[in-house]
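Colleague: I am new to this structure. Please take me closely through one part, the place where the two protein chains meet, and then through what lies around the DNA.

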2 protein chains.
Amino acid sequence: MEQFVSTTLKDHKLRTTSCREDVLETFLNRDTALSHGDLDSTLGERFDRVTIYRTLKTFLEKGIIHKVLDDEGTRYALCRERCTEHDHNHDHVHFKCNACGQTNCLENLHVPAVKLPEGYRVQEVNLLIQGLCADCAKA
Amino acid sequence: MEQFVSTTLKDHKLRTTSCREDVLETFLNRDTALSHGDLDSTLGERFDRVTIYRTLKTFLEKGIIHKVLDDEGTRYALCRERCTEHDHNHDHVHFKCNACGQTNCLENLHVPAVKLPEGYRVQEVNLLIQGLCADCAKA
DNA sequence: TTATAATTTGCAACGCTGTTGCATAATAAA
DNA sequence: TTTATTATGCAACAGCGTTGCAAATTATAA
């Protein structure tokens, strides 16, 4: 994992700083979409909240993370595909559990193609499904 | 239209007030997803911004409008189907034009079914497609 | 039409999210 | 180790959305 963190930063030509390392590690550890607030709760004692905002912005621009649509605030998740600033490539489904509140990428579920009206051009697609995840549904 | 406004309010057992009437009319006139800011620009001289927030909240609870997910802020659009507080029924596609910024409901485009992993339960579905609308694409 | 009860409004205030400017600190390269 | 570049922390700010409360408005019933 240490490995992943440092190579990810190098690959995107970013200086390695402890904040960037920690934010990346947090995404890896938690394996769920995180809001700025989530990261601030975890790392707020070590870093200023502005620094965390800027780290997220940088990661977003470099294609390390992507935004996950949400009805109550912005969340971010790691890009598993290769992405760059202008070429995000996320056609997977996002699922938000209304019980435990977790939002996750369902990487292997692709968003089905939709036939838009004549003349429309697609640039990005975002599908959020809300409901109960397997754990919460059986509880 | 006047007709629609007053019957809509009565149908949902809401008192008719000028703010509610004007907000509803604005949705009808503009026929696009609107943010609180949009409504405040249009109606801000006549009503306090808090009142507009509360009107949106009330309409949302009563099933008169629904949230439209967006990567840069909350927007709302009229419910065309019959909805109630706990039974929203929106499986249509939302399209946001990255050029003109408008977000619209494509009422006749349904979100295709997605097979979730075992045990997951679906409650709500939100598909946002971003790109260029027909008008902006040909320009 | 008027009096009454219930609901809505405007205002002030607050917390949260996200951004910017600037001086200081840390990084990478020579 | 020195230097140029980039990142950080701090202070300040703007915008979004909410709450409490007194005053105004609505619907109801007399």
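Modeller: Start with which surface each copy uses. In this predicted model, 100% of the interface residues of chain A are also interface residues in chain B, so the copies meet through the same surface. The contact draws 30 residues from chain A and 30 residues from chain B.

Look at chain A's side of that contact. At least two residues each come from strand E3 (92–97), strand E5 (121–132) and helix H5 (134–138) of chain A. E5(A) gives the largest share, with 12 residues. Sorted by class, the side of chain A that touches chain B has 18 nonpolar, 6 polar and 6 charged residues.

Now follow E5(A) across to the other chain. It is joined by 11 bridges to strand E5 (residues 121–132) of chain B. The two strands run antiparallel. Take Arg121(A) as an example: its bridge partner in E5(B) is Leu132(B).

How are the two copies related? A turn of 180° and a shift of 0.0 Å along the axis lay chain A on chain B, with an RMSD of 0.1 Å. That is the relation of a two-fold axis. Within chain A, the C-alpha nearest this axis belongs to Leu127(A), at 2.2 Å.

Next, the DNA. Take strand C to begin with. DNA strand C is surrounded by 22 residues. The closest are Thr74(A), Thr17(B), Cys19(B), Asp48(B) and Thr51(B). Chain A gives two or more residues from each of helix H3 (36–43) and helix H4 (49–62). Chain B does so from helix H2 (18–30) and helix H4 (49–62). H4(B) has the largest share of this surface, 4 residues. By class, the surface near DNA strand C has 6 nonpolar, 10 polar and 6 charged residues.

Then turn to DNA strand D. Around it are 22 residues. Here the closest are Thr17(A), Cys19(A), Asp48(A), Thr51(A) and Thr74(B). From chain A, helix H2 (18–30) and H4 each supply at least two residues of this surface. From chain B, helix H3 (36–43) and H4 each do so. The largest share near DNA strand D is 4 residues, from H4(A). The classes here are 6 nonpolar, 10 polar and 6 charged.

To find your way back, return to E5(A), the element with the largest share of chain A's side of the contact. Its antiparallel partner is strand E5 of chain B.

How values were computed
Residues numbered from 1 in each chain as written. Chains lettered and ligands numbered in written order. Predicted model: local features only at pLDDT ≥ 70, side-chain atom pairs only at ≥ 80, totals over all residues. Contact = placed C-beta atoms within 7 Å. Nonpolar A, V, L, I, M, F, W, Y, C, P; charged D, E, K, R; others polar. Pairing = 2+ DSSP bridges. Least-squares fit on C-alpha atoms with pLDDT ≥ 70 in both. Near = placed C-beta within 6 Å.
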